[in-house]
Amino acid sequence: MPSDRNGQPLCLLTIHAHPDDESSKGAGAVARYAAEGVHTVLVCCTGGEEGDILNPAMDTPDVRAHLPEVRERELEEAAKVIGYDEVVLLGYRDSGMPGTPANDDPRSFARAGLKEAIGRLVTQLRRTRPQVVVTYPDDQQGYPHPDHLRVHAITFPAVEAAADPSAYPEAGAPWRVQKVYYTAWSRARIVAMHEKFLELGLESPFDAKWFERPAHDETVTTRIDTSAVADVRRLALLAHATQVDPTSKFWFGLPPEVADLVYPVDDFALARSDVETTLPEDDLFAGLRPE
Ligand SMILES: [Zn+2]
């Protein structure tokens, strides 16, 4: 098992809002670290109860009646595909898209007390002792889901509190996370996919709207080569059978062997680091590994 400079086993903890976010954001990078023997932990904040059934083949009365259980099983399956060692459900309810009645549910992540939600994450950080945490940026790039914003809102206070012995003393021994990253969906990925559709004479699902959205590629500091685990993202997404339509052009419009290698990189933005590192990086643990 790989270790850091202090002999502590390497651990990567990712924080996601809903089941399926772990598959659409950074799955290949996690798979690569899991394959290397890094301990990998997925914290999923909500059960995704408000997700629409986006795959017509799965839209049955039985699935509708048991959606939370179905989504939990899908999450377990996807996590297995990616290679996560642990899946931790933080236990909140999906807050729904802005302006929907789910926003008002007192069990929702967005309505939960911030201090209490931070405490739940502190407990996991102290228990699993990750050197590296992956979370979301505050700018959700045109997808302002309250739960995604909340993931960002609890991460830094939890990282601070986890290292502070006077904070949440009942939540375990203090632990200092050393690097925090944001996931990134770069314009470069969209361009690479769009051009491949055109090259193959296929209709591209990326219309002008995609290219009008602000690009944040200049924030990317760290690019993880995922070519050795290139099919993981696709297979993990497919595990979310209610959420991902296998006929979706956006996800699966390119032939699998082409899609797997059209942009075989996961992009991240380094948000905070306690250790010295040289940017750009090709490793989330850069600066933490033994010389
Ligand atoms: Zn989500």
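This is a short walk through a predicted model, from its zinc site to its cores, salt bridges and a few single residues.

Start at the metal. The zinc ion is coordinated by His18 through ND1, by Asp21 through two OD contacts, and by His148 through NE2. These contacts run at 2.1 to 2.7 Å. Along the chain, the donors follow the spacing H-x2-D-x126-H. The two histidines come from distant parts of the chain, 130 residues apart. Histidine 18 sits in the loop between β1 (11-16) and α1 (21-24). Histidine 148 belongs to helix α6, residues 146-162.

What is the geometry of the zinc site? It is irregular, with angles of 52 to 145° among the 4 donor atoms. Four donors count as tetrahedral only if all angles lie between 85 and 135 degrees, so this range does not qualify. Both histidines are out of reach of the surface by the accessibility cut-off. Histidine 18 has 6% relative accessibility and counts as buried, because the limit is under 20%. Histidine 148 is buried as well, at 1%.

Next, the nonpolar interior. The largest nonpolar core has 34 residues. Ile15, Val43, Val122 and Leu125 have the most contacts inside it. Several elements each supply at least two residues: β1, β2 (39-46), β3 (86-92), α5 (114-128), α6 and β5 (179-184). The largest share, 7 residues, comes from α6. Helix α6 is also the one that carries the zinc ligand histidine 148. A second, separate core has 28 residues, and Leu75, Ala79, Phe268 and Leu284 are among them.

Valine 43 shows how the largest core is put together. Leaving aside neighbours within four places in sequence, valine 43 contacts Leu13, Thr14, Ile15 and His16. On the same terms, valine 43 also contacts Val88, Leu90, Leu121 and Gln124.

Helix α4, residues 67-82, is worth a look. Its 16 residues should span 22 Å at 1.5 Å a residue, and the end C-alpha atoms are 22 Å apart, so expectation and model agree. The buried residues of α4 are Leu67, Val70, Arg71, Glu74, Leu75, Ala78, Ala79 and Ile82. Two of these names, Leu75 and Ala79, also appear in the second core. The cover over the buried residues of α4 includes α1, α2 (27-36), β2, α3 (61-65), β3 and α9. Just after the helix, glycine 83 takes a positive phi of about 105°.

Now the charged pairs. The whole structure holds 23 salt bridges. Which residue does aspartate 266 pair with? Its partner is arginine 233, with the closest N and O atoms 3.3 Å apart. This pair links strand β7 (residues 265-273), home of aspartate 266, to helix α9 (residues 232-239), home of arginine 233. The two residues are 33 apart in sequence. Aspartate 266 is buried at 4% relative accessible area. Arginine 233 is buried too, at 16%.

Helix α9 makes another link through arginine 234. Aspartate 260 bridges to arginine 234, with the closest N and O atoms 2.8 Å apart. Aspartate 260 lies in helix α11 (residues 256-262) and arginine 234 in α9, so the pair ties together parts 26 residues apart in sequence. Both aspartate 260 and arginine 234 are buried.

The bridge between lysine 209 and aspartate 207 has its closest N and O atoms 3.5 Å apart. Buried or exposed? Lysine 209 is exposed at 57% relative accessible area. Aspartate 207 is partly exposed at 35%. Elsewhere, Glu50, Arg93, Asp105 and Arg107 are linked in a network of salt bridges.

Two single residues finish the tour. Histidine 194 lies in helix α7, residues 187-199. Histidine 194 is buried, at 18% relative accessible area, because the limit is under 20%. Not counting residues up to four places away in sequence, histidine 194 touches Ser204, Phe206 and Phe211.

Proline 9 is found in the segment before β1. Proline 9 is partly exposed, with a relative accessible area of 35%. Beyond residues up to four places away, proline 9 touches Met1, Pro2, Ser3 and Gln131. Proline 9 and leucine 279 are 270 residues apart in sequence, and their C-alpha atoms are 24 Å apart in space.

Terms used. Residues numbered from 1 in each chain as written. Predicted model: local features only at pLDDT ≥ 70, side-chain atom pairs only at ≥ 80, totals over all residues. Heavy atoms only, no water. Donors = N, O, S within 2.8 Å, 3.2 Å for Na, K, Ca; no water. Tetrahedral: all angles 85-135°; square planar, octahedral: opposite > 155°, others 65-115°. Helix = DSSP H or I, 4+ residues; strand = E, 2+ residues; numbered from the N terminus. Buried < 20%, exposed > 50% of the residue type's maximum accessible area, 1.4 Å probe, protein only. Core = buried A, V, L, I, M, F, W, Y, C linked by side-chain atoms within 4.5 Å. Contact = heavy atoms within 4.5 Å. Salt bridge = Lys/Arg side-chain N within 4 Å of Asp/Glu carboxyl O. Expected span 1.5 Å × (residues − 1).
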